[in-house]
Structure formats: structure tokens, C-alpha cells
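Trainee: I would like a close look at one part of this protein. Please walk me through a single helix and what surrounds it.

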Amino acid sequence: MKPTNSPWHPYRLPAAYVILHTLSFPLLGLSALADAFLSLSYPQQAASLRFVRLHVLLIALYILLLFLVGAALIVRSFADCRQNRVSVCVNSLLILKYGMIPFFIINFCAYCFFYLVLLVASRGTILFGFPILLVTIAAAMFLTWLIIIPGAFYGIQVIRLGRRQEKLGLGAALFHGLLQFIFLLDIPDTMYLSVKKFGMGKKCAWLAAALYAGFLLALTYGYRALTA
């Protein structure tokens, strides 16, 4: 097998992680359509049970694939840092942080829509089960937070390389390391590290900032519209 010299070769794994997560929404839609079609076409209980088992198996395999790719990214990040591959670490960080912005925006909107529909359908009675609702929201937030872990580890490696090149002091490194694991704050921190400290990804930073600002403005407008 011939070794590849493609400049995109080191970024196949980060790109795969982003694509797999982004595809989860159209796949979920296709799954719902398949559920509806098969339940109408094959109403027999035995056929429905077989489909449910297959469905659960496919979802489990998909989640396992996401976990394996994420774990491989964490391991790869340490190897890239150990080999002092600065550009690979920074670019992988940008792919994992900026590339996941659409996913997180859609994920947030989907959760808000789901809970809004639940509130309307229950005519507000769901609020009486607020402790249980709060637990489900917390669980959803935690599971979503787990998705940023591979990107955060690449952020840690970039910070380590910054320390190695004396671009960051110990206090700054600890502070940036914390930010890499915090929702909403990790993106501005990535912009700062890549552009200010390593002079990379300026155009991507502008694009990500525009998308980020647009989402925050839409969120603010939506909140004011709901509470007016």
C-alpha cells in the first residue's frame, strides 16, 4: 500500500467526525419516515417487532461508530502533539470546532422545538413534572456536551504546543484549557488561539464569527418574541 502525500490526509478523521454528526439529522428524518411507512404497510405485531429490533441495532452501531471515531481522535491528538505537528493540530481543532457549529445550532433548535411541542400538547400540565423534565434536559445537555470532547482535546494539544513555543504562560494555558470544555465560550477561544497565537484560520474565524453572531442574534430575537 503506497503512503499518501495528500495534504488532506491528516484531516480525514476530524472531517468524518463532523460529517457523521451532521448526518444524524437527515438520518433521523429518514428513520421516522421508514417507521411511518412500515407501520402502515406491515401492521402485524411480529413484523413491527423485528423492525424495532433492527432499528435499535442500527442506532447502537451508529452511536458505537461515533464513539470509536471520537476516541480515535483523542488518541490521535496526543500523537500529533508529540510529533510537534502544529499545523495539523490547529487545523484539526478548527475543523472540529467550526465544523460542528451547524450541528449544535440544529441540535439546539430541535430540542427547543421538541420541548415546545411537548408543552403545547400537554397544555402546560408537563410543568407539574418539572423535576423529571429538568433531569431529561440535564441529561440531553450532558450527552450533547460529550460531543465537544474530541475537539476540546485538540484544543488542549494546541495549548500544549503554545506552551512549548512559549506563546502561553501557565495561567493562560489553564484558563484556555478550561474554556475549550465550555459551550459557547470554546468557539471564541478557538478563534483567539488560532488567529492570535498561531496566525492561522483568519478567514475561517470571520465566517465562524458571522455564523455564531447570527445564531446569538436569532436566539435573542426569538426569546424576546416569546416573552413579549
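What follows is a look at one helix, then at its surroundings.

Trainee: Take helix H4, please. Which of its residues are buried, and what does Lys97 touch?

Mentor: A caution to begin with: this is a predicted model. Now the frame. The protein chain has ten helices and zero strands. Read from the N terminus, its elements run α-α-α-α-α-α-α-α-α-α. Of the 228 residues in the chain, 30% are buried. The accessible surface comes to about 14,800 Å². Carbon and sulfur atoms account for 75% of that surface. Contacts reach far along the sequence. Take those between residues at least 6 apart: 77% of them join residues at least 24 apart.

Now your helix. H4 covers residues 86-98, which is 13 residues. From its first C-alpha to its last it reaches 18 Å. That is close to the 18 Å expected at 1.5 Å a residue. Ten of those 13 residues are buried, so H4 is largely enclosed by the rest of the structure. Here is the list. Val86, Val88, Cys89 and Val90 are buried. So are Ser92, Leu93, Leu94 and Leu96. Lys97 and Tyr98 complete the set.

Lys97 deserves a stop. This lysine lies in H4. Its relative accessible area is 4%, and the cut-off for buried is under 20%, so Lys97 counts as buried. Leave out residues up to four places away in sequence, and Lys97 touches Ile148, Gly151, Ala152, Gln180, Asp186, Ile187 and Thr190.

Two of those contacts, Gly151 and Ala152, lead to helix H7, where both are buried. H7 spans residues 149-164 and has 16 residues. Its first and last C-alpha atoms are 22 Å apart, close to the 22 Å expected at 1.5 Å a residue. The buried residues of H7 include Ile149, Pro150, Tyr154 and Gly155. Gln157, Val158 and Ile159 are buried as well. Leu161 and Gly162 are also on that list. After H7 comes Glu166, whose phi is positive, near 60 degrees.

H7 also takes part in ring packing. A pair of aromatic rings is described by the distance of the centres and the angle of the planes. The count here is five aromatic pairs. One of them is Phe103 with Phe104, edge-to-face, at 5.3 Å centre to centre and 70 degrees between the planes. Phe103 has 4% relative accessibility, so it counts as buried. Another pair is Phe153 with Phe181. Their centres are 6.1 Å apart and their planes 85 degrees apart, again edge-to-face. Phe153 sits in H7, and Phe181 in the loop between helix H8 (170-179) and helix H9 (186-197), so this pair ties together parts that are 28 residues apart in sequence. Phe153 is partly exposed, with a relative accessible area of 23%. Phe181 is partly exposed too, at 23% relative accessibility. Phe78, Phe153 and Phe181 form one aromatic cluster.

Go back to the stretch that follows H4. Phe103 has a partner from far along the chain. Thr22 and Phe103 are 81 residues apart along the chain, yet their C-alpha atoms are separated by 5.4 Å. Thr22 lies in helix H1, residues 12-22. This threonine is partly exposed, with a relative accessible area of 32%.

Leu211 reaches the same stretch from another helix: it touches Ile101, Pro102 and Ile105, not counting residues up to four places away in sequence. Leu211 is found in helix H10, residues 202-227. Its relative accessible area is 39%, which makes it partly exposed. The C-alpha atoms of Leu211 and Ile105 are separated by 9.8 Å, with their positions 106 residues apart along the chain.

For contrast, look at the surface. Leu54, Leu57, Leu58, Leu61, Leu64, Phe67 and Leu68 form a nonpolar patch there. Together they have about 700 Å² of accessible area. Leu64 belongs to helix H3, residues 45-82. Leu64 is partly exposed, with a relative accessible area of 43%. Set that beside Lys97 in H4: the lysine is buried, at 4%, while the leucine is partly exposed, at 43%.

Technical notes:
Residues numbered from 1 in each chain as written. Predicted model: local features only at pLDDT ≥ 70, side-chain atom pairs only at ≥ 80, totals over all residues. Heavy atoms only, no water. Patch = residues over 30% accessible without salt bridge, like charges linked within 9 Å, V, L, I, M, F, W, Y side chains within 5 Å. Areas by Shrake-Rupley, 256 points an atom, 1.4 Å probe, with all protein chains shown as cover. Salt bridge = Lys/Arg side-chain N within 4 Å of Asp/Glu carboxyl O. Helix = DSSP H or I, 4+ residues; strand = E, 2+ residues; numbered from the N terminus. Buried < 20%, exposed > 50% of the residue type's maximum accessible area, 1.4 Å probe, protein only. Contact = heavy atoms within 4.5 Å. Expected span 1.5 Å × (residues − 1). Phe/Tyr/Trp six-rings, centres within 6.5 Å; stacked < 30°, edge-to-face > 60°.
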